[in-house]
Amino acid sequence: AWEGERRAPDSLLVGRNTGGKNAPLFWVFQGQQEFTALADRLGPEQPLYGFRSGHQVMDYTEANIQTLATSYRREIAIAYPQGPIILGGNCQGGLIALAIAQQFWRLQQPIALVCLLEWAFPPQPYQGRVALLWGAASSHKNPFFKFRNPEHYWRRAYGAYSVDIVSGGHG
């Protein structure tokens with residue numbers, strides 16, 4: 001059980017800094033340490049809500065990803081029924097975050113921004129805004145170390161995107 005605020009005892013969504021004034025950030029994490037560290041780093045004005053990515057407890061089949069994404073999308077819709085939200089995930093959490101965003105898009109409820117940190121998967125179509133982030137020391141995940149022109153794929157997959165290299169490595 002992750003520490004934080006829950007809407008209901010059985011809720012999958014855990015919140016930190018929930019009294020903050022900024023647009024909420026919903027993130028799919030691999031573990032509670034990442035959740036706590038990001039909440040602390042962002043500070044009290046940035047509401048942060050965390051979900052589990054299923055890391056090391058599930059196979060990332062399309063059916064499993066969609067099932068988890070549907071559950072998480074429903075929780076987000078209850079917790080924050082209107083207004084802009086930011087959605088993201090790191091590594092395999094990004095698979096689930098993008099699936100959540102795609103579901104919202106199909107329901108004509110677009111997300112303000114989808115952040116994919118350490119995305120190491122083929123681009124998947126999404127018409128909204130995507131922020132792609134990699135660690136400068138993440139040579140095994142950062143596509144700039146593997147491909148000559150990774151932007152070619154992103155232009156075809158995303159409605160709009162940005163790329164940032166941040167300090168640190170994977171995780």
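A residue is counted as buried when its relative accessible area is under 20%, as evaluated with a 1.4 Å probe on protein chains only. In the predicted model considered here, Phe29 has a relative accessible area of 2% and is therefore classed as buried, and Phe35, with a value of 0%, is likewise buried.

These two residues also belong to the aromatic content of the model, which comprises 12 aromatic pairs. Phe29 and Phe35 form one such pair, with the ring centres 5.3 Å apart and an angle of 55° between the planes, an arrangement that is classed as tilted. Together with Trp2 and Trp27, Phe29 and Phe35 make up one aromatic cluster. The ring of Phe35 is additionally faced by a cationic group, in that the charged end of Arg16 sits over this ring at 6.0 Å from its centre.

The strands are arranged in an open sheet of 7 strands with mixed pairing, in the order E1-E3-E2-E4-E5-E6-E7. Strand E1 (14-16) and strand E7 (158-166) each have a single partner strand and therefore stand at the edges, so that one side of each remains without a neighbour in the sheet. From one strand to the next, the twist averages 20°. Within this arrangement, strand E2, spanning residues 25-29, pairs with strand E4, spanning residues 86-90, in the parallel sense and over 4 bridges; Phe26 has Leu87 as its bridge partner in E4.

Two helices were examined for their placement relative to these strands. Helix H1, which covers residues 32-42, packs on the sheet and touches E1, E2, strand E3 (48-52) and E4, while its direction makes about 30° with that of E1. Helix H3, formed by residues 92-106, lies across E2, E4, strand E5 (113-117) and strand E6 (126-135), and runs at about 150° to E4.

The segment before E1 contains Ser11, for which the relative accessible area is 4%, so that this residue also falls in the buried class. A polar atom of the Ser11 side chain lies 3.1 Å from the backbone nitrogen of Leu13. When residues up to four places away in sequence are not counted, Ser11 touches Arg6 and Glu75.

Terms used:
Residues numbered from 1 in each chain as written. Predicted model: local features only at pLDDT ≥ 70, side-chain atom pairs only at ≥ 80, totals over all residues. Heavy atoms only, no water. Phe/Tyr/Trp six-rings, centres within 6.5 Å; stacked < 30°, edge-to-face > 60°. Buried < 20%, exposed > 50% of the residue type's maximum accessible area, 1.4 Å probe, protein only. Lys NZ or Arg CZ within 6 Å of the ring centre and 35° of its normal. Pairing = 2+ DSSP bridges. Axes fitted to C-alpha atoms, helices over the stretch in contact; angles between N-to-C directions. Contact = heavy atoms within 4.5 Å. Polar contact = N/O pair within 3.5 Å; in protein donor to acceptor, adjacent residues only side chain to side chain.
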